Amino acid sequence: MAKYFRSVAAFFMAAALFLLSGPAAYCLSDAFKDNVYDRGSMKPVDSVLKVKVGDPAPDFTLRSLSGELVSLSDYRGKKNVMLSFIPAAWTPVCSDQWPGYNIVKDIFDSNDAILLGISVDNIPTLYSWTNQMGQLWFPVLSDFYPHGEVSSRFGILRSEGIAERAVFIIDKQGIIRYIHVKDINQRPPLEVLVRELEKLQQPPAGGLK
């Protein structure tokens, strides 16, 4: 019970900071703000999912900004995983979504979870973009070559070659437990992501973990 109240309190504190920061969360300098590319509203969803809740998550290996190769299977049996796919660097919603997750790192830690940020941009672009954000606590991975291959495996590669703004929550056994692919123009709701992460810590009905 105490853990529950700590989690709730942490969430509301983080959510308040997240909402109050608003667009300013990514405006770390005038140069960064002026470089954000706003192409306007896009079609909410332009892809067809290839996976569903209850499926094993497709494994993948992508290069991170640090130069290391990171595989989803690296976390099998060790960590719950949240995959955060974003459409492209230097776009408005993406540029405040990922810095916002810095505010809620404690929630990931308390739910034994790691966040992996994935974009179809190349490493130099992601390096420049994330440097302007400030340090992110989670690995940022490039799905650039073969272009959008991992996004395509999940069924979220749009016809124009960018990914949907999508979240997949995967348990320690590698099973997809939650999917959010709705409106590319909006951030996934933080309170829902927190709730879904917390579900992974609950014993299944009818037995213990």
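This tour moves through a predicted model, one selection at a time.

**First stop: the nonpolar core.** Select Phe60, Leu83 and Phe154. Of the 51 residues in the largest nonpolar core, these three touch the most other members. Keep phenylalanine 154 highlighted and display its surroundings. Setting aside residues up to four places away in sequence, phenylalanine 154 touches ten residues' worth of neighbours listed here in full: Leu49, Lys50, Val51, Ala57, Pro58, Phe60, Leu83, Phe85, Phe168 and Ile176.

**Second stop: valine 51.** One of the residues touched by phenylalanine 154 is Val51. Select valine 51, in the loop between α2 (30-35) and β1 (61-64). Is valine 51 buried or exposed? Its relative accessibility is 10%, and because the cut-off for buried is under 20%, valine 51 counts as buried. Not counting residues up to four places away in sequence, valine 51 is in touch with Pro58, Arg153, Phe154, Phe168, Ile176 and Ile179. Add isoleucine 179 to the selection: 128 residues separate it from valine 51 along the chain, yet their C-alpha atoms are 9.1 Å apart.

**Third stop: glutamate 164.** Move to the loop between α6 (149-154) and β6 (166-170), where glutamate 164 is placed. Glutamate 164 has a relative accessibility of 1% and so counts as buried. Which backbone atom does the side chain of glutamate 164 reach? It reaches the backbone nitrogen of aspartate 46, at 2.6 Å. Beyond four places in sequence, the contacts of glutamate 164 include Pro44, Phe85, Arg158 and Ile184.

**Fourth stop: helix α5.** Select residues 123-133, where Leu126, Trp129, Thr130 and Met133 are buried. Viewed down the axis of α5, the buried residues fall within an arc of 90°, so they line one face of the helix. Just after α5, glycine 134 has a positive phi of about 100°.

**Fifth stop: the aromatic rings.** The structure holds 7 aromatic pairs. Select tryptophan 98 and tryptophan 129: their ring centres are 5.5 Å apart and their planes lie at 45°, so the pair is tilted. This pair links distant parts of the chain, with tryptophan 98 in helix α3 (residues 92-103) and tryptophan 129 in helix α5, 31 residues apart. Both tryptophan 98 and tryptophan 129 are buried. Next, select phenylalanine 154 and phenylalanine 168, with ring centres 4.7 Å apart and planes at 55°, so this pair is tilted.

**Last stop: the aromatic cluster.** Select Trp98, Phe108, Trp129, Trp137 and Phe138, which form one aromatic cluster. Finally, add lysine 105, which lies over the face of tryptophan 137 at 5.4 Å from the ring centre.

Key:
Residues are numbered from 1 along each chain as its sequence is written. This is a predicted model: local features need pLDDT of at least 70, side-chain atom pairs count only at pLDDT 80 or more; totals for chains, interfaces and linings use all residues. Side-chain values use heavy atoms; hydrogens and water are left out. Helices (H or I, at least four residues) and strands (E, at least two) are DSSP runs, numbered from the N terminus. Buried means under 20% relative accessible area, exposed over 50%, partly exposed in between (1.4 Å probe, protein chains only). Contact means heavy atoms within 4.5 Å. A polar contact is a pair of N or O atoms within 3.5 Å; within protein, one must be able to donate a hydrogen and the other to accept it, and residues adjacent in sequence count only if both atoms are side-chain atoms. The arc is that of the directions from the helix axis to the C-beta atoms. A nonpolar core is a set of buried Ala, Val, Leu, Ile, Met, Phe, Trp, Tyr and Cys residues joined through side-chain atoms within 4.5 Å. Rings of Phe, Tyr and Trp (its six-membered ring) pair if their centres lie within 6.5 Å; planes under 30 degrees apart count as stacked, over 60 as edge-to-face and the rest as tilted. A charge sits over a ring if NZ of Lys or CZ of Arg is within 6 Å of the ring centre and within 35 degrees of the ring normal.
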